[in-house]
Amino acid sequence: LTLCCKGPPPPRPEYDVVCIGLTGSGKTSLLSRLCSENTDNVVPTTGFSIKAVPFQNAILNVKELGGADNIKKYWSRYYQGSQGVIFVLDSASSEEDLEIARNELHSALQHPQLCTLPFLILANHQDKPAARSVQEVRV
């Protein structure tokens, strides 16, 4: 005998998303927060990590790619199958780092496997005194 006649809930759709940005931009912290994980001991990602971020109506399978110089050159190897892109930038970074981030973003926007996908560009670290406004970091 069953106590409920509703049956199992329908499966939530899953979407594969790639998360990129320079080292220190806050990619790992962002994903940890979205997964309700502790962010006290976050360390830079070497290589990549994958997290399933649950939302009420969908699940995002986010592939976070490390942002170090020796890793960025391999980013494109992980783009295949992506259905969206999260680009995280440190809005409080130096002008030089902001320019590097801008170049990486433009490269991603022009990549054949990403150019037709939706992009979320997150200007992170808005709580820092040196943070630039959205207008100041515009592409």
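Two exercises with worked solutions follow, both on a predicted model.

**Exercise 1. Annotated threonines**

Determine which residues the UniProt annotation "binding site" covers, where they sit, and whether they are buried or exposed.

Solution.
1. The unreviewed UniProt entry places "binding site" on Thr28 and Thr45.
2. They are spread over 18 residues of sequence, yet they cluster in space, with a largest C-alpha distance of 7.2 Å.
3. Thr28 belongs to helix 1 (residues 27-34), while Thr45 lies in the loop between helix 1 and strand 2 (48-54).
4. The cut-off for buried is under 20% relative accessible area. Thr28 has 16% and is therefore buried; Thr45, at 16%, is therefore buried as well.
5. Setting aside neighbours within four places in sequence, Thr28 contacts Val42, Val43, Thr45 and Glu64. With the same exclusion, Thr45 contacts Thr28, Glu64, Gly66 and Ile71. Thr28 and Glu64 thus appear in the Thr45 list.
6. The lining of the largest pocket includes Thr28 and Thr45.

**Exercise 2. The largest nonpolar core**

Identify which residues of the largest nonpolar core touch the most other members, and which helix gives the most to this core.

Solution.
1. The core has 18 residues; Val18, Ile20, Tyr79, Leu89 and Leu114 touch the most other members.
2. Strand 1 (14-20), strand 4 (84-90) and helix 3 (95-110) each supply at least two core residues.
3. Helix 3 gives the most, with four residues.
4. Not counting residues up to four places away in sequence, Val18 touches Lys63, Leu65, Tyr79, Ser82, Gly84, Val85, Ile86 and Leu114.
5. Another core, of eight residues, lies apart from the largest one; among its members are Val17, Cys19, Val53 and Ile86.

Terms used: Residues numbered from 1 in each chain as written. Predicted model: local features only at pLDDT ≥ 70, side-chain atom pairs only at ≥ 80, totals over all residues. Heavy atoms only, no water. Core = buried A, V, L, I, M, F, W, Y, C linked by side-chain atoms within 4.5 Å. Buried < 20%, exposed > 50% of the residue type's maximum accessible area, 1.4 Å probe, protein only. Contact = heavy atoms within 4.5 Å. UniProt positions renumbered as here; feature names shortened; annotations may be inferred. 1 Å grid on protein atoms, 1.4 Å probe; cavity = no way out; pocket = protein on both sides within 12 Å on 5 of 7 lines; lining within 4 Å.
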